[in-house]
Amino acid sequence: MTDNQAQDTSSNHLVEQGRLKIRWAELHQGLLQRLRKQFSETKPFAGLTIGMCLHVEPKTAVLCTVLQAGGATVVITGSPGTTKDDVAAALRQDGVVVYGQQEDDSVRHQENIRRVLSHDPHLLLDNGADLMAAYLAHPGQGRVIASTEETTTGANRLRDELRDALIVPTIVINDSPLKLIMENEHGVGPTIVEGFMRETNLLVQSRRFVVFGYGSVGRGIARTLRKLGVHVTVVEPDPIRALEAVLDGMVVTSLDEALKIGEVFFTATGRPGVIAGESIDHLPDGAILANAGHFSWEIDIAELRRRATSIEHFRAWVELITLEDGRRITLLAQGEMLNLAGGGGNPIETMDLGLALQAQSLAYLAVHYKKLPVGPQPVPGEINATIARWMVENLSRRSSVSFTV
């Protein structure tokens, strides 16, 4: 076999592997299949290009093909560390333009963002507001009419640093109560804990966990840990969320106190610099750090590495950093989202709901964008109601209990 033949065989194997993963997701994404049929008939995206920044993995791949069925040209890149190369290869075979690979760092990610925008998209499907931030840096060069935003982190950026620059309506998917309940709490929370157990192979019941943030993601992590019999401490400055944590059986305390008693630290705030500066000084020897937020910026990784006298890589996503004072800190998944960097991410059904919200919101924007106000806004009520009904129907078919909605 020649080198070229070997490369072709390897490439074909990668595509086939990706197709099988996509097919498995497709079989369990009833909402997206319902939308595929609807969009194939109505063609809401005929003549439109959709630029996407969303994790390139099997469930997202199904969304891409559903948008294609609706007439869209789809261009996508993922986030650092979360792109599944076999899925990307399969999508390319199906006519989706995909930029990026799993090994991409933040610099390469920004390059991929620019390449997506070079296709001059009409609609943006964003994750962390990376596409929107890059677009707003040169707004006169594009034709974007509207966008959606997936995450808490992205919503924060839209409402803070990008607020005065926004020029198009943006539906924030993360504002939907459906996404908060099903995807964030029942999807991200359990899979972050599963990711910790998979990557470290450590017993969770023997360690004291600290969760920073008690929004829907932090709540999901903390509740999952509690069900496993784990001692959980929560750091949450919002008094209402803090009260909820206490009522859920968590210990709520200050950052300083949490650093004294914790062993494993999960960040889930969507904000930068959660573990940084003096917090690093007070991390205990043997601390394990992991992030559930969209960006790795919740942990000051650069500062950790700057202080390191040695860094040992035990597994692909496990590195032991020995600091100048001798303390040993373990960092998981390079500070990227633990459930996606090393694993399969959220359960298929939870993502089916979130991605169906995305698809319906994009179709709504394609029709109504001229009538909508500029800036971030919630998912329309009728879309929430429709997707909720569909999901109840899907889940009810798998249960012996009958529901009427």
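This passage looks at the pockets, the cavities and some of the helix contacts of a predicted model.

The open space comes first. The largest pocket holds about 940 Å³. A total of 47 residues line this pocket, and Thr152, Val217, Ala268, Thr269 and Gly270 sit closest to its centre. Several helices have a share in the wall: α3 (58–69), α7 (152–159), α8 (177–200), α9 (216–227) and α14 (338–341) each put in at least two residues. Sorted by class, the lining of the largest pocket comes out as 19 polar, 15 nonpolar and 13 charged residues.

Next in line is the second largest pocket, with a volume of about 400 Å³. Its lining runs to 20 residues, and the ones nearest the centre are Pro80, Asp105, Ser106, Ser296 and Glu336. Two helices, α5 (106–117) and α13 (301–306), give two or more residues each to this lining. The top contributor is α5, with 3 residues. As for chemistry, the wall of the second largest pocket splits into 9 polar, 6 charged and 5 nonpolar residues.

Then there is the enclosed space. The model has 3 cavities of 30 Å³ or more, and the largest cavity has a volume of about 40 Å³. Around the largest cavity sit Thr77, Gly78, Ser79, Pro80, Thr83, Tyr99, Gly100, Gln101, Asp104, His109 and Asn112. By class that makes 8 polar, 2 nonpolar and 1 charged residues. Pro80 turns up twice here, in the lining of the largest cavity and among the residues nearest the centre of the second largest pocket.

Now to the helix packing, starting with α3, a helix already met in the lining of the largest pocket. One of its partners is α2 (residues 30–42): the two axes lie 8 Å apart at an angle of about 15°. With angles under 35 degrees counted as roughly parallel, α2 is therefore roughly parallel to α3. The crossing of α2 with α3 is left-handed. On the α2 side the contact is made by Leu32, Gln33, Leu35, Arg36, Phe39 and Ser40, and on the α3 side by Lys59, Val62, Leu63, Thr65, Val66 and Ala69. That set breaks down into 7 nonpolar, 3 polar and 2 charged residues.

Another partner of α3 is α15 (residues 348–368), and here the axes come within 10 Å and cross at roughly 30°. The pair α3 and α15 is therefore roughly parallel too, while α3 passes α15 in a right-handed crossing. Lys59, Thr60, Leu63 and Leu67 of α3 meet Ile348, Met351, Leu355, Ala359 and Leu362 of α15. This contact has 7 nonpolar residues, along with 1 polar and 1 charged. Lys59 and Leu63 of α3 take part in the contact with α15 and also in the contact with α2.

Helix α15 in turn packs on α16 (residues 381–397), at an angle of about 150° and with the axes 10 Å apart. Since angles over 145 degrees count as roughly antiparallel, α15 and α16 are roughly antiparallel. The crossing of α15 with α16 is right-handed. From α15, the residues involved are Glu349, Asp352, Leu353, Ala356, Leu357, Gln360, Ser361 and Tyr364, and these meet Glu382, Ile383, Asn384, Thr386, Ile387, Trp390, Met391 and Asn394 of α16. By class, the contact of α15 with α16 counts 8 nonpolar, 5 polar and 3 charged residues.

Methods
Residues numbered from 1 in each chain as written. Predicted model: local features only at pLDDT ≥ 70, side-chain atom pairs only at ≥ 80, totals over all residues. Heavy atoms only, no water. 1 Å grid on protein atoms, 1.4 Å probe; cavity = no way out; pocket = protein on both sides within 12 Å on 5 of 7 lines; lining within 4 Å. Points joined across faces, edges and corners; volume = space filled by probe spheres on them. Helix = DSSP H or I, 4+ residues; strand = E, 2+ residues; numbered from the N terminus. Nonpolar A, V, L, I, M, F, W, Y, C, P; charged D, E, K, R; others polar. Axes fitted to C-alpha atoms, helices over the stretch in contact; angles between N-to-C directions. Parallel < 35°, antiparallel > 145°, perpendicular 65-115°, else oblique. Left-handed = near helix turned anticlockwise from the far one by under 90°. Contact = heavy atoms within 4.5 Å.
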